[in-house]
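Colleague: I am new to this model. Please walk me through the terms, and tell me what each one rests on.

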Amino acid sequence: MRPAAFITGITGMAVVAGLLMAGEARLGGGTAGEEMGSAEETATAPAGAAPEAGEPAAMSDDRAEMIARSVGPAAPPAPGPGDAVAPQPADVPQQAETAAGQTASPAAKKPMELARPMVENAGILSFGERRLQLAGIVPTPVDRICGRTGRQWPCGMMAKTALRLLLRNRSVTCDLNTAEWKETVTTACRLGTEDLSAWLAENGWAEPAAGSPLTSVAEKARQAGKGLYGDDPRRN
């Protein structure tokens, strides 16, 4: 074989090998780079944007699935029928707000026993400097005068005496938020099972407050001439 032909053959084989290696590199690295570039363009391109001229408009299902996996995280599996659903972070502030609202709500009144109340008038009890006004009635002033001219009588003092005789220094149970209240509070009080406001209204020793549920029983006492609506009981 001639030397020139041998050198030409070797050179041709080297060129072919170089072309094969370049093609393999292009098929490996170039395709991956093209796919990643297409994925980034797909993720950042606005929805509904038309493809540029010269670019293929169609995409195979396999390529679309590959791009979706490389760009976005996989969607979490749907919970099964028996799987517990964990609360989302957005639920935490709402739960905290609900708990705070419950904490800030006023405490419910509770029945509290109070020993030996003093009677200021038919409607107000006192415990030292603290006072309780009985709910549902208008306290009868001690200086109130009842009756017609010539037959007037101190009905306010008599109403106070009637309530004192009922209590006789016994303890009462009143609905309160706390046993250490200040000044005057309005609430319901009972002697045993006897509601003091209802007792005063039924016997005519106090008038009902506006909108009070004791209006009907107070009207019956007025029609019957009891207490403030009658004559001096000392003359009977």
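**Cavity, pocket, sheet and core**

Modeller: The lining of the largest cavity has one nonpolar, one polar and five charged residues. This is a predicted model; local features need pLDDT of at least 70 and side-chain atom pairs 80 or more, while totals for chains, interfaces and linings use all residues. Numbering starts from 1 along each chain as its sequence is written, and side-chain values use heavy atoms, without hydrogens and water.

Colleague: What makes the residues of that lining fall into these classes?

Modeller: The lining is G147, R148, R151, W153, D231, D232 and R235. Asp, Glu, Lys and Arg count as charged, so R148, R151, D231, D232 and R235 are the charged ones. Trp counts as nonpolar and Gly as polar, so W153 and G147 take those classes.

Colleague: Why is this space called a cavity, and how many are there of 30 Å³ or more?

Modeller: There is one. Its volume is about 30 Å³, meaning the space filled by probe spheres set on the grid points. In a cavity a 1.4 Å probe fits but cannot get out, on a 1 Å grid over the protein atoms alone; lining residues have an atom within 4 Å of a point. A pocket is open, with protein on both sides within 12 Å along at least five of seven lines.

Colleague: Which residues line the second largest pocket?

Modeller: P117, M118, V119, E120, S126, K160, R164, L167, R168 and N169 line it. By class, four are nonpolar, two polar and four charged. Strand 2 (118-121) and helix 4 each give two or more residues. About 170 Å³ of space lies there.

Colleague: How do you know where R168 sits, and why is it called exposed?

Modeller: R168 is in the loop between helix 4 and strand 6. Its relative accessible area is 58%. Exposed means over 50%, so R168 qualifies. Its phi is near 50°, a positive value in a residue other than glycine.

Colleague: Why does N169 count as partly exposed?

Modeller: Its relative accessibility is 46%. Buried means under 20%, and partly exposed lies between that and 50%, so N169 is partly exposed. N169 lies in the loop between helix 4 and strand 6. It has a positive phi of about 60°, although it is not a glycine.

Colleague: What makes strand 1 and strand 6 a pair?

Modeller: Five bridges join them. Pairing needs at least two DSSP bridges, so they pair. They run antiparallel. L114 has V172 as its bridge partner in strand 6.

Colleague: Which strands stand at the edges of the open sheet, and why?

Modeller: The order is 1-6-8-9, with antiparallel pairing. Strand 1 (110-114) and strand 9 (194-195) each have a single partner strand, so one side of each has no neighbour in the sheet. Strands are DSSP runs of at least two residues, and helices of at least four.

Colleague: What makes up the largest nonpolar core?

Modeller: It holds 34 residues; L125, V172, L196, L200 and W205 touch the most other members. Helix 4 gives the most, with seven residues. Such a core is a set of buried nonpolar residues, proline left out, joined through side-chain atoms within 4.5 Å. Among the contacts of V172 (heavy atoms within 4.5 Å) are M112, L125, F127 and L196.

Key
Buried < 20%, exposed > 50% of the residue type's maximum accessible area, 1.4 Å probe, protein only. Lists of a residue's contacts leave out its neighbours within four places in sequence.
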